[in-house]
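Colleague: I'd like a close look at one helix of this model and at whatever sits around it. Could you walk me through that part, and then carry on to the other spots you would point out at the bench?

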Amino acid sequence: MSKVYVFDHPLIQHKTGMMRKVETNVKDFRELVKEVAMLMTYEATRDLPLVDVDITTPICGTTVKMLHGEDIAIVPVLRAGLGMVDGMLQMVPNAKVGHIGVYRDPVTHKPIDYYCKLPCDIDKRQVFVVDPMLATGGSAAAAIDFIKERGGKKIIYMCIIAAPEGIEVLQNAHPDVDIFIAAKDRELNEHAYIVPGLGDAGDRLFGTK
Ligand code: PRP
Ligand code: URA
């Protein structure tokens with residue numbers, strides 16, 4: 001079974017709390033999503049492999065630890081996942097970015113896919129699938145299905161707010177995919193929205209409602 005990591009870092013908790021407030025405007029919401037994604041990336045990349053590299057400082061030669069150069073792909077689930085990309089790229093600027101378009105049917109709440117474009121060497125990359133919200137888990141499970149169908153092997157899922165129901169669905173669908181979240185919420189309501197949640201992440205990011 002995959003592991004679930006809930007980040008308890010005070011900065012992540014504070015910014016996630018600010019994001020939830022109904023009075024937080026589009027500009028501030030967008031900024032908070034970007035900042036939380038950046039901080040989460042710092043935590044989620046903790047296990048990236050390091051190698052010894054010989055260098056010369058202005059004083060002498062020495063051996064330092066550097067990233068092994070494991071290639072990373074960030075794959076936001078459109079639309080709301082886009083809000084997390086810039087913050088992540090600030091931490092890992094050489095990462096490639098794929099896109100997967102999935103939305104929830106408003107009546108059935110089932111995921112409907114409409115776009116998928118991934119780096120051609122996705123099979124060799126450590127893939128971070130990102131989306132601020134994990135509700136029923138349908139969108140995340142479908143997005144990871146697409147990536148695996150196209151050769152993706154090493155996949156991590158990162159979201160800001162998750163419902164217990166979504167975590168269970170994702171763990172059952174993809175037991176090999178570890179899940180990193182900023183906050184685990186109470187439940188889903190009758191419209192499959194996360195409670196207390198933050199509302200519709202896509203609308204709050206792009207000001208569409
Ligand atoms: C939201 C969110 C996730 C999905 C989560 O996207 O960004 O992708 O819902 O719900 P689930 O776990 O029940 O599948 P939405 O469908 O609202 O599309 P949007 O990003 O285009 O607004
Ligand atoms: N998608 C969102 O944006 N918010 C929710 O609470 C559930 C799904």
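Modeller: Sure. Keep in mind that this is a predicted model. Let's start with Gln171, which sits in helix α5, the stretch covering residues 164–173. Is Gln171 buried or exposed? Its relative accessible area is 16%, and the cut-off for buried is under 20%, so Gln171 counts as buried. Setting aside residues within four places in sequence, Gln171 is in contact with Met1, Ser2, Val4 and Ile179.

Now for the helix as a whole. Which residues of α5 are buried? They are Gly166, Ile167, Leu170 and Gln171. These residues lie on the same side of α5, because they cover an arc of only 130° around the axis. The general rule behind that kind of pattern is simple: an α-helix has 3.6 residues a turn, so residues three or four places apart point the same way. Turn the helix around and you come to Glu168 and Asn172, exposed residues on the face of α5 turned away from its buried side.

What covers the buried residues of α5? The cover includes several strands, namely β1 (4–6), β9 (133–134), β10 (154–162) and β11 (178–184). A helix, α4 (138–149), is also part of that cover.

From there, let's go to ligand 2. The residues around ligand 2 are Arg104, Met133, Ala135, Ala192, Tyr193, Ile194, Gly199, Asp200 and Ala201. Some backbone atoms are worth picking out on your screen. A backbone N or O atom of Ile194 lies 2.8 Å from an oxygen atom of ligand 2. Ala201 also has a backbone N or O atom 2.8 Å from an oxygen atom of the ligand. For Gly199, the partner is a nitrogen atom of ligand 2, and the distance from a backbone N or O atom is 2.8 Å. How much of ligand 2 does the protein bury? Taken alone, ligand 2 exposes 240 Å², and the protein buries 89% of that.

One of the residues around ligand 2, Ala192, deserves a second look for its backbone. Ala192 has a positive phi of about 65°, although it is not a glycine. You'll find Ala192 in the loop between β12 (187–188) and β13. With a relative accessibility of 6%, Ala192 counts as buried.

Where else does a residue that is not a glycine have a positive phi? His109 does, again at about 65°. His109 is in the loop between β6 (99–104) and β7 (111–117).

While we're on the backbone, look at the cis peptide bonds too. Val195 and Pro196 are joined by one, with omega about 0°. Pro196 belongs to the loop between β13 (194–195) and α6 (201–206). The peptide bond from Leu78 to Arg79 is cis as well, with omega near 0°. Arg79 is in the loop that runs between β4 (72–78) and α3 (82–91).

Next, the cysteines. How many disulfides does the structure hold? The count is 0. Cys116 is in no disulfide, and the nearest cysteine sulfur, that of Cys120, is 13 Å away. For a disulfide, the two sulfur atoms would have to be within 2.5 Å. Cys159 is in no disulfide either; the nearest cysteine sulfur there is that of Cys116, 20 Å away. As for their surroundings, Cys116 is partly exposed, with a relative accessible area of 24%, whereas Cys159 is buried at 0%.

Cys60 is one more to find. It is located in the loop between β2 (50–56) and β3 (61–67), and Cys60 is partly exposed, with a relative accessible area of 40%. Going from Cys60 to Glu190 takes you 130 residues along the sequence and 65 Å through space, C-alpha to C-alpha.

Last stop, Met18. This residue is in helix α1, which covers residues 10–20, and Met18 is partly exposed, with a relative accessible area of 32%. Not counting residues up to four places away in sequence, Met18 touches Thr24 and Leu32. The C-alpha atoms of Met18 and Phe29 are separated by 8.2 Å, and the two residues are 11 apart along the chain.

Key
Residues numbered from 1 in each chain as written. Chains lettered and ligands numbered in written order. Predicted model: local features only at pLDDT ≥ 70, side-chain atom pairs only at ≥ 80, totals over all residues. Heavy atoms only, no water. Buried < 20%, exposed > 50% of the residue type's maximum accessible area, 1.4 Å probe, protein only. Helix = DSSP H or I, 4+ residues; strand = E, 2+ residues; numbered from the N terminus. Contact = heavy atoms within 4.5 Å. Near = heavy atom within 4 Å. Polar contact = N/O pair within 3.5 Å; in protein donor to acceptor, adjacent residues only side chain to side chain. Areas by Shrake-Rupley, 256 points an atom, 1.4 Å probe, with all protein chains shown as cover. Arc of directions from axis to C-beta.
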